[in-house]
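Got the model loaded and a selection box ready? Here is a short walk through it, one pick at a time.

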Amino acid sequence: MDFVTLNNGIKMPMLGFGVFQVTDNGTCEKAVSDALAIGYRLIDTASVYGNERAVGAALGKSGIPREELFITTKAWISEMGYANTLRAFDSSLARLGLDYLDLYLIHMPFADYYGTWRAMEKLYDEKRVRAIGVCNFEPDRLLDLCQNTDIIPAVNQIETHPYTQQTEAMHIMQSLGIQMEAWGPLAEGRNGLFSNPVLSAIGQKYRKTAAQVVLRWHLQRGVVAIPKSVHKERMTENFEVMDFRLSEEEMQTIAAMDTGHSLILDLHAPSEVERLYQIPCNN
């Protein structure tokens, strides 16, 4: 497994396993157990996913030493604000059955996320979380946050895949020392990614699938990726991307696929913001 060193010296696996939309607890627990057995050590969840207990159950049964795991969860919009976030953190930790988190993230750049960031700085100072960061912060909000906080985020998890490459955001994060992490690294299979002729042609050279080519592309860009699947064979396939390397020409070919706009989540759309505010965080 390849690792990246975050801006506070913590090492984070470059390839992890996400559980977004895996809402059935039995399915989620099995998926996480399978992922851990395959070799994944970075597990990414969120309070709003409603599956922290299932993730925690799989972690507890795995027998893997805690120090080998890298567990991420997130505070939802309704959990923003200093006191709210401190309570939300305790609740997430209890559901996960853990004594500390490796990474705690602000899920969306809405509501009182400044109050939340102060709470997260407190949790970090108390060593209850090893690193803190954000999700879905576009360059303007990320820069503003960094100008008004004591601790620079370690990670910004954003929509990133060949159709939405976030090149400008990446450059800004690099200048700030913030690690870019891709949610939806395989574009949720949209736009025919798994059968894309460009990606498939590159894959044939290495005897790899289009999905494996994309994950390799993420890693070579220095981007942490957290693909999701409930199928063990697909999890295994996603994990087998360390034994080949794309050429610079192939990297540029994939770069040309960028559409320059969001494919999955457009946070500039008022209707999308309204929809997100209506999502309850029930656990």
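Start with α1 and α2, whose crossing is right-handed. Select residues 25–38 for helix α1 and 52–62 for helix α2: their axes come within 8 Å and cross at roughly 40 degrees. An angle between 35 and 65 degrees counts as oblique, so that is the label for this pair. To see what makes the contact, show side chains for N25, C28, E29, V32, S33 and L36 on α1. On the α2 side, add A54, V55, A57, A58, L59, K61 and S62. The α1 picks look like a stripe if you know your helices: an α-helix has 3.6 residues a turn, so residues three or four places apart point the same way. Bear in mind throughout that this is a predicted model.

Keep L59 on screen and add L98, since L98 touches L59, along with R66, I71 and L93, leaving aside residues up to four places away in sequence. L98 is found in the loop between α3 and β6. Is L98 buried or exposed? With a relative accessible area of 13%, L98 falls under the 20% cut-off and is therefore buried. Want a sense of scale? Draw a distance from the C-alpha of L98 to the C-alpha of A211: you should get 32 Å, for two residues 113 apart along the chain.

Now switch to cartoon and find the sheet. In what order do its strands run? The order is β3-β4-β5-β6-β7-β8-β9-β10, an open sheet of eight strands with parallel pairing. At the edges, each pairing on one side only, are β3 (17–18) and β10 (224–225). Strands of a sheet pair through backbone hydrogen bonds, either parallel or antiparallel.

For a look inside the sheet, select β6 (residues 103–106) and β7 (residues 132–135), which run parallel and are joined by three bridges. Here L105 stands opposite G133 in β7. Next, pick β8 (residues 155–159) and β9: five bridges join this parallel pair. One place to zoom in is N156, whose bridge partner in β9 is M180.

Stay on β9 and turn on its side chains. Q179, E181 and W183 point one way, M180 and A182 the other way, and all are buried. Five of the five residues of β9 are buried, so the strand is largely enclosed by the rest of the structure.

From there, step across to helix α8 (residues 210–220). How many of its residues are buried? Eleven of its eleven residues are, making α8 mostly covered. The list takes in charged and polar names as well as greasy ones, among them R216, H218 and Q220 next to V213, V214 and L215. What do the buried residues of α8 pack against? Show β9 (179–183), α7, β10, α9 (232–239) and α10, and you have the surroundings. Just past the helix, check G222 on your Ramachandran plot: α8 is followed by this residue, and its phi is positive, near 85 degrees.

Last stop: the charged pairs. Side chains of opposite charge can pair when their charged atoms come close. The count here comes to twelve salt bridges. Three pairs and a network are worth a click.

- D90 and R128: the closest N and O atoms are 2.9 Å apart. D90 lies in helix α3 (residues 82–96) and R128 in the loop between α4 (113–125) and β7, so the pair ties together parts that are 38 residues apart in sequence. D90 is partly exposed at 38% relative accessibility, and R128 is partly exposed too, at 26%.
- K122 and E126: their side chains meet at 2.7 Å, N to O. K122 counts as partly exposed at 31%, and E126 does so at 40%.
- K205 and E250: this salt bridge is 3.2 Å, N to O. K205 sits in helix α7 (residues 197–206) and E250 in helix α10 (residues 248–255), so you are looking at a link between distant parts of the chain, 45 residues apart. Colour by accessibility here: K205 is exposed at 56%, whereas E250 is buried at 10%.
- R66, D102 and R130: salt bridges that share partners join these residues into one network. R66 is also one of the residues that L98 touches.

Notes
Residues numbered from 1 in each chain as written. Predicted model: local features only at pLDDT ≥ 70, side-chain atom pairs only at ≥ 80, totals over all residues. Heavy atoms only, no water. Pairing = 2+ DSSP bridges. Helix = DSSP H or I, 4+ residues; strand = E, 2+ residues; numbered from the N terminus. Salt bridge = Lys/Arg side-chain N within 4 Å of Asp/Glu carboxyl O. Buried < 20%, exposed > 50% of the residue type's maximum accessible area, 1.4 Å probe, protein only. Axes fitted to C-alpha atoms, helices over the stretch in contact; angles between N-to-C directions. Parallel < 35°, antiparallel > 145°, perpendicular 65-115°, else oblique. Left-handed = near helix turned anticlockwise from the far one by under 90°. Contact = heavy atoms within 4.5 Å.
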